[in-house]
Amino acid sequence: MTTEYEVFAIRYATRQARRHEHFIGGDPHDGPMPMDYFVWVAKNADRAVVIDIGFTAESGGKRGRILTRDPIDSLSLVGVDAVDVQDVILTHLHYDHVGNFNKFPTARFHLQEPEIQYAVGRYMRHKPLAKSFEPDDVCGIVRLNFAGRVVYRTGPGEVVPGISVVPTGGHSAGLQFVKVNSRRGVVVLASDVTHYYEHMETDRPYTTVLHVGDMLEAFDTLRAHAPTPDHIVPGHDPDVMRRYPAPSPELEGVVVRLDVAPRM
Ligand SMILES: [Zn+2]
């Protein structure tokens, strides 16, 4: 049994945005800063693990996001069928990371327990914190737990051989990032621990935040778990599609391989 994986990012949506929207305190050089949306896949001969599952057309649509392809149908681009997936890692419960759980009929969902406590707790009466959640998604995870299909974690640990999670908080109470063994070493799928390369590189917090101190500390945690900063993959940066190669020419702009060295 191998514990090395091929690792893919699939881009399924985008939105136009400006720099001041992405940094607390704004930005002195405001200008366009579009945001991309991804699902990630780690795959080898034994299994495929899906990391985050994207928003639904409905929840993305009411927020004005541009869905470029169905994130779950797009798993077929890397040879994965959601029906067969046994393990889904949810980095957190924001609408753009959890929307399509119904499309995985047999999977277990791996989540940090503080995230569900946050999502059903007192803070959800506050719009700035609640706006990133969909009540139907949160209720859906509660129901899945009653069906025995949620694996709640309270700390770092291995999910399957060669894939582990590390909680950091900051952006959301139970946010976790994912470490995947690959042929170029450990790839760190940061998800929203750092939305763009620039957040961790310049030590500036993103605007959707529960705890600023934890968010800033988390940049150090990411680096501590990565062989080099180049092994860290941000959660929403369009630059990921430029830095990494597509698995084939026709997938340019849609899928990249993260288990090979970046192009620059
Ligand atoms: Zn988020």
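1. Along the chain, the donors of the zinc ion follow the spacing H-x1-H-x76-H-x20-D, where donors are N, O and S atoms within 2.8 Å of the metal (3.2 Å for Na, K and Ca), and sites may look incomplete because water is not among the atoms. H94 and H171 link distant parts of the chain, 77 residues apart, with H94 in the loop between strand 5 (87-89) and helix 2 (95-98) and H171 in the loop between strand 9 (163-167) and strand 10 (176-182); helices (H or I, at least four residues) and strands (E, at least two) are DSSP runs, numbered from the N terminus.

2. This is a predicted model, in which local features need pLDDT of at least 70, side-chain atom pairs count only at pLDDT 80 or more, and totals for chains, interfaces and linings use all residues. Residues are numbered from 1 along each chain as its sequence is written, and side-chain values use heavy atoms, with hydrogens and water left out.

3. Coordination of the zinc ion comes from H92 (NE2), H94 (ND1), H171 (NE2) and D192 (OD), at 2.1 to 2.3 Å. The arrangement is irregular because the four donor atoms subtend angles of 83 to 176°; four donors count as tetrahedral if all angles lie between 85 and 135 degrees, four count as square planar and six as octahedral if opposite donors are over 155 degrees apart and all others between 65 and 115, and anything else is irregular.

4. H94 and H171 are both buried, that is, under 20% relative accessible area, with exposed being over 50% and partly exposed in between (1.4 Å probe, protein chains only).
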